[in-house]
Every structure is written in C-alpha cells, then in structure tokens.
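Q: Please take a close look at the inside of this protein, in particular at any enclosed space there and at what surrounds it. I am a first-year student, so a careful, connected account would help me.

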Amino acid sequence: MVGAGVRLRRRVSGVGRDDEVGRKKGAGSRSWKLMKSTGEEMDLDVDKYAIMRRVKVHARDLRILDPLLSYPSAILSRDRAIVLNLEHIKAIITAEEVLLRDQLDDNVIPVVEELRRRLKSISTAHEGQGDEDSPLQEGEEMGDEDESPFEFTALEVALEAICSYLAARGIELETAVFPAMEKLTSKVTSRKLDEVRKLKSQVARLSARVQKVREELKQLLNDDHDMANLYLSKKLPGASSPSPDNDGGNKSDTGSVSQGGDIHIVPTADGSDDDFGVEELEVILEAYFTHIDGTLNKLTMLRDHIDNTEDYIKLQLDKHRNRLMEVELFLSVTFICLSIYSTVAQLFGMSIPYSWNFGYGYLFKWVVIIPGLFSSFLFIFVISHACRRGIIGSYNS
C-alpha cells in the first residue's frame with residue numbers, strides 16, 4: 001500500500017510538471033499570419049524561436065512585438081527583415097513574406113484584406129505579362145503596378161493603415177471636443193469640466209502616439225542609409241545592384257556581396273539617392289509623413305482650441321470671483337458703518353449712574369440722527385473712493 005501511494009504521488013506530480021511545462025511552452029507560442037509574395041497564406045502557431053530562425057531576427061526584436069508589453073511605435077531595419085511596431089500593427093516583413101501578429105484583431109483585419117488584395121493584383125499582373133494574347137499596353141500598365149518590391153508594398157499597406165487609423169481617431173475626438181466646448185462656454189458645471197478634462201487627456205495621448213509615428217518616419221527620411229537597409233530585395237542572394245552601364249559607366253556598383261550571400265549597400269562618391277536606390281521608398285515615406293503630419297497639426301489645433309477655451313473659462317471665473325469680492329467689500333463696509341452706529345446705542349444703553357442720564361431727553365433725537373448721518377457719510381465716501389480707484393465696478397461689462 002505504501003509503494004502504491006508513492007507511485008500515485010509520483011504520477012500526480014509528473015502530471016503537474018507536464019502541465020507546467022505545457023503552460024510555459026504555450027506561453028511562448030504565438031499565432032502569426034503568414035502571407036507570401038506569391039499570394040499564399042497560412043496561419044502559424046509557433047514559438048518565438050521558430051520565428052527567429054525563419055526571419056533571422058533577435059529575441060529583443062520579437063519582444064518589441066509582444067502585445068502584452070508596452071513599447072512605442074518603431075520601424076526597425078534588420079539584415080533580412082523589417083520589424084514593424086505601429087500601434088496595433090505588429091509585423092515582420094521580409095523580401096518574400098510578411099508575418100502579422102493578432103490577425104483576428106478588428107484593426108488588423110483591414111490590413112490583412114488590403115495586403116491580400118494587392119498581392120492578388122500583383123499575381124494577376126504576372127499572369128497578364130505571361131499571356132501572349134494580351135495587348136502590349138495592358139502588359140505595360142500591369143508591369144508598372146508590379147514595379148515595387150514586396151517589402152515596399154507591405155510597408156506601404158502598414159503605413160496606410162496606421163495613418164488612416166490615427167486620422168480616424170483624430171476625427172472622432174474632433175467631433176466630440178467641439179460640442180463639449182460649446183456646452184462648457186454656455187454654462188460651466190462640474191460635469192462639463194470633467195468631460196472636457198477627459199477629452200483633453202485623450203487628445204494629449206493621441207498626439208503623443210501620432211508624434212512617435214511621425215518621428216519614426218522623419219528619422220528614416222533623414223538617413224539614406226536607413227532607407228537603403230529597408231530595400232531587402234537587394235540583399236537577396238543573386239540580386240544585382242543597378243548596372244554601371246545605366247549611369248554611363250561613371251559609377252561603380254552600389255552593392256557588395258558578403259560571405260553569407262547578402263548584399264550590403266555601399267554609397268558611391270557623390271552620395272546621391274540613386275546610389276542607394278531609395279527614391280521609390282522615399283516617395284512612399286514622404287507621402288505618409290505628410291499624412292501623419294497633417295493629423296498631428298489637426299490634433300495640435302484641437303489642443304490649442306481646448307487651451308483657449310480653458311483660458312476663456314478661467315477669465316469668466318475670475319470675473320465672477322471679482323464680483324463676489326465686490327459684494328464682500330460692500331457688505332464689509334456696510335457692517336463697519338452699522339457697527340459705528342450701534343456703538344453709540346451701546347454706550348447709552350449702559351446702566352452707569354451719570355448726572356446727564358436724567359433731564360436731557362430732548363437730546364435723544366440728535367443722538368440718533370448725528371451717528372446715523374456720520375455712518376451714512378462714511379459708507380458713501382468709502383464706496384465712492386473704491387469706485388474711483390477701480391476696486392469696484394472695473395469688471396462689469
């Protein structure tokens with residue numbers, strides 16, 4: 001019986017260890033959407049090590065794409081891949097395929113559909129070019145659509161999606177902010193102030209997100225080497241650099257082959273954009289940089305409008321506070337004058353045996369009239385002096 005109990009405990013503990021190992025393995029497993037340049041698609045449920053071996057990236061790059069961790073937007077160029085972390089769009093782009101995280105997310109589904117549509121049009125262009133019966137002009141048009149490398153197409157789809165997404169969020173905030181501002185200026189309440197405060201926080205957070213994407217695009221546009229590193233098709237084994245014959249034989253090849261077969265782009269003496277082959281990518285990045293910059297300008301104007309409205313509300317509150325101070329001053333002066341008037345009554349109300357307490361009743365009316373006149377004169381003098389100095393009435397419209 002003792003031996004059976006020991007075997008049972010060992011078996012149970014072994015099952016627990018297997019479950020723990022399975023949980024750890026499942027934690028490292030992630031779902032990816034694989035889309036190849038040929039139009040093929042498949043769902044991958046592999047761990048990060050398989051992804052690292054497939055696309056030749058480091059673990060720190062995959063950590064940036066982890067949805068459980070909060071990393072700012074980034075566009076990273078690696079030897080054989082482009083790592084994209086643009087809000088909800090987390091992808092790894094190579095010269096022949098793209099891997100997307102969280103393909104079932106509502107914001108990622110349009111990216112998958114748009115990329116599928118473009119890959120389908122590229123496949124159709126290839127078929128049209130191979131069709132001998134198709135007109136030459138149509139073949140030329142399809143060839144123009146198929147000019148861009150696959151990594152540029154995937155990058156353009158991701159940039160278009162993120163720019164449209166951020167612009168839509170900006171429009172939603174704009175439609176919510178202006179009515180809230182109108183309601184607040186008409187009547188200031190705690191509920192309306194709290195609503196505007198929340199909207200201002202949302203605008204600030206969205207502006208920071210847009211600013212980060214803009215900075216990434218600006219950094220790429222300012223460095224030709226970074227843009228050249230995104231040209232993954234030139235790094236494929238067997239890929240050729242632009243021929244020197246096209247430049248009249250005055251320029252050398254722009255790429256040198258390493259031992260691993262990758263092409264490392266090396267600038268020539270003049271350092272022009274053509275040497276790096278980044279003209280097409282620069283056009284794409286400039287277009288979406290202009291788009292995201294326009295969104296940031298709108299958010300900046302929206303934040304300025306909120307700040308101006310807050311300043312206006314503060315002026316209105318200051319005006320009301322000054323009016324309350326005027327009322328307080330008016331009441332204080334009135335209280336002082338009445339205190340002077342009541343002091344005389346208190347003096348005569350004391351039961352002190354003075355000789356003038358008896359036989360002087362005819363002076364009672366003067367005792368009442370003279371302090372009353374003095375208190376009234378003092379009240380009028382103080383109020384008129386405050387008005388001349390601008391202490392009272394200066395904020396009345």
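A: For sorting the residues around a space, Ala, Val, Leu, Ile, Met, Phe, Trp, Tyr, Cys and Pro count as nonpolar, Asp, Glu, Lys and Arg as charged, and the others, Gly among them, as polar. Please keep in mind throughout that this is a predicted model.

A search of the whole structure finds 1 cavity of 30 Å³ or more, and the space in this largest cavity comes to about 50 Å³. Its lining is made up of L84, I89, A91, I93, V98, L100, V111, L115, A154, V157 and A158, and the elements that give two or more residues to that lining are β5, β6, α4 and α6. When these lining residues are sorted by the classes above, 11 are nonpolar, while no polar and no charged residues appear.

The surroundings can be followed further through the largest nonpolar core, which has 58 residues, and L84, already named in the lining of the cavity, is among those with the most contacts inside this core, together with I75, L159, L166, L217 and L285. Two or more residues of this core come from each of β4 (82-86), β5 (89-93), β6 (97-101), α4 (109-130), α6 (150-186), α7 (190-221), α8 (224-229) and α10, and α6 provides the largest share, 16 residues. In soluble globular proteins, nonpolar side chains tend to be buried together.

One residue shows how such contacts are arranged: leaving aside residues up to four places away in sequence, L217 touches I75, L159 and L285, and also Y288, F289 and I292. Apart from this core there is a second, separate one of 15 residues, which includes L44, I51, V57 and A81.

A pocket offers a useful contrast in its lining. The second largest pocket holds about 250 Å³ of space, and 14 residues line this pocket, with R80, T94, A95, E96 and L236 the closest to its centre. Its lining divides into 5 nonpolar, 1 polar and 8 charged residues, whereas the lining of the largest cavity has no charged residues.

Finally, α10 (279-348), one of the elements that contribute to the largest core, is also the element against which the buried residues of helix α11 pack. Those buried residues in α11 are P371, G372, S375, I383 and A386, and the helix, which covers residues 364-388, reaches 37 Å from its first C-alpha to its last, close to the 36 Å expected. After α11 comes G390, whose phi is positive, near 80°.

Conventions:
Residues numbered from 1 in each chain as written. Predicted model: local features only at pLDDT ≥ 70, side-chain atom pairs only at ≥ 80, totals over all residues. Heavy atoms only, no water. 1 Å grid on protein atoms, 1.4 Å probe; cavity = no way out; pocket = protein on both sides within 12 Å on 5 of 7 lines; lining within 4 Å. Points joined across faces, edges and corners; volume = space filled by probe spheres on them. Helix = DSSP H or I, 4+ residues; strand = E, 2+ residues; numbered from the N terminus. Expected span 1.5 Å × (residues − 1). Buried < 20%, exposed > 50% of the residue type's maximum accessible area, 1.4 Å probe, protein only. Contact = heavy atoms within 4.5 Å. Core = buried A, V, L, I, M, F, W, Y, C linked by side-chain atoms within 4.5 Å.
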